[in-house]
Amino acid sequence: MFAQIRTLALIGISSAGLAAPMLRADAKPTETAVVGPPWISIEYPVNPHDRTTRNAFLVVRCFRHADPEPCALTGTAEGMVNGERRSIKLTFTETGRTGAYALTRQWQTEGVWTLVIRGAATAVVELGPDGQVASVSVPSRQDRGWTIPIEVSMTEVDQALRARAGALAVN
């Protein structure tokens, strides 16, 4: 009987530990900041009335759970132009807001393009034939109630880009 009670107690303690929110190591005793997985989001179209983003094509925002946080962004514009594969390194500009970065157009207007933006997570931004954002995805999986971003391989990006370029060439 004691063994059964001890087993139930251990299960209860373990379950409570999984259900309890993780606290930031730098949280002050009065804070109850919850930490979760990183996230990245894309703002499009940008606010034309904000001087820090006025000429931006889009704004990238990095998060840790629900809180904006600075992140080191890298990215490339992956394209197919007249049947030739192109790759252009992207540069981002800080906006003055925590975790928000402006991206200006750094790729050609012709061709088929996909932006691969890596920071807190990876965003894949497909551009339509008109050069505007056609779709945004943050590849992810579910784990214990959290949406966890996953890595995106350049092989996957290349295959999707070639398929889109091929479909547009047929039409």
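This is a short walk through the strands, aromatic rings, cavity and odd backbone spots of one predicted model.

Okay, thanks everyone. Please keep in mind that what's on the screen is a predicted model.

Let me start with strand S4, residues 58-64. Is S4 mostly covered or mostly open? Mostly covered: five of its seven residues are buried. S4 has several pairings to talk about. Strand S3, residues 38-43, runs antiparallel to S4, and six bridges join the two. If you want a spot to look at, find Trp39, whose bridge partner in S4 is Phe63. Then there's strand S9, residues 100-103. S9 is also antiparallel to S4, with four bridges between them. Here Val59 is the one to click on, and its bridge partner in S9 is Ala102.

S4 also pairs with S5, a strand covering residues 67-68. That pairing is antiparallel again, over two bridges. Phe63 turns up here too, standing opposite Pro68 in S5. S4 and S5 form a hairpin with two residues between the strands, and I'll come back to one of those loops in a minute.

Now the rings. How many aromatic pairs does a search of the whole structure find? Two. In one of them, the ring centres of Tyr44 and Phe57 are 5.4 Å apart and the planes sit at 50 degrees, so we call that pair tilted. Both residues are in the loop between S3 and S4, so the pair ties together parts that are 13 residues apart in sequence. Tyr44 has 27% relative accessibility, so it counts as partly exposed. Phe57, at 12%, counts as buried.

Phe57 also pairs with Trp107, and that one is edge-to-face, with 5.2 Å centre to centre and 85 degrees between the planes. Phe57 is in the S3-S4 loop, while Trp107 is in the loop between S9 and strand S10 (112-118), so this pair ties together parts 50 residues apart in sequence. Trp107 is buried, and so is Phe57. Put the pairs together and you have Tyr44, Phe57 and Trp107 linked into a cluster.

Trp107 takes us to the cavity. The search of the whole structure finds one cavity of 30 Å³ or more, and its volume is about 40 Å³. Which residues line this cavity? Trp107 is one of them, and the others are Arg105, Gln108, Thr109, Gly111, Trp113, Leu127, Gly128, Pro129 and Gly131. Sorted by class, the lining comes out as four nonpolar residues, five polar and one charged.

On to the open sheet. Five strands make it up, in the order S7-S6-S10-S11-S12, with antiparallel pairing. What's at the edges? Strand S7 (84-89) and strand S12 (133-137), each with a single partner strand, so one side of each has no neighbour in the sheet. Averaged over this sheet, neighbouring strands are turned by 15 degrees against each other, ignoring direction. Inside it, S10 runs antiparallel to S11, residues 122-127, and five bridges join them. Thr114 is a handy marker there, standing opposite Glu126 in S11.

Last bit: the backbone oddities. As a reminder, most residues other than glycine have a negative phi, and most peptide bonds are trans. So where do we find a cis one? It joins Tyr44 and Pro45, with omega at about -5 degrees. Pro45 is in the loop between S3 and S4, and Tyr44 is the residue we just met in the tilted ring pair.

Then two positive phi values, neither in a glycine. His65 has phi near 60 degrees, and it belongs to that S4-S5 hairpin I promised to come back to. His65 is partly exposed, with a relative accessible area of 32%. For Arg144, phi is near 50 degrees. Arg144 is in the loop between strand S13 (140-143) and strand S14 (146-149), and at 65% relative accessible area it counts as exposed.

That's my tour. If you open the model afterwards, I'd start at Phe57, with Tyr44 and Trp107 in the same ring cluster.

Methods
Residues are numbered from 1 along each chain as its sequence is written. This is a predicted model: local features need pLDDT of at least 70, side-chain atom pairs count only at pLDDT 80 or more; totals for chains, interfaces and linings use all residues. Side-chain values use heavy atoms; hydrogens and water are left out. On a 1 Å grid over the protein atoms alone, a cavity is a set of points where a 1.4 Å probe fits but cannot get out, and a pocket is an open set with protein on both sides within 12 Å along at least five of seven lines; lining residues have an atom within 4 Å of a point. Grid points are joined across faces, edges and corners, and a volume is the space filled by probe spheres set on the points. Ala, Val, Leu, Ile, Met, Phe, Trp, Tyr, Cys and Pro count as nonpolar, Asp, Glu, Lys and Arg as charged, and the others, Gly among them, as polar. Rings of Phe, Tyr and Trp (its six-membered ring) pair if their centres lie within 6.5 Å; planes under 30 degrees apart count as stacked, over 60 as edge-to-face and the rest as tilted. Buried means under 20% relative accessible area, exposed over 50%, partly exposed in between (1.4 Å probe, protein chains only). Two strands pair if DSSP finds at least two bridges between them. Axes are lines fitted to C-alpha atoms, for helices over the stretch in contact, and angles run from 0 to 180 degrees between N-to-C directions.
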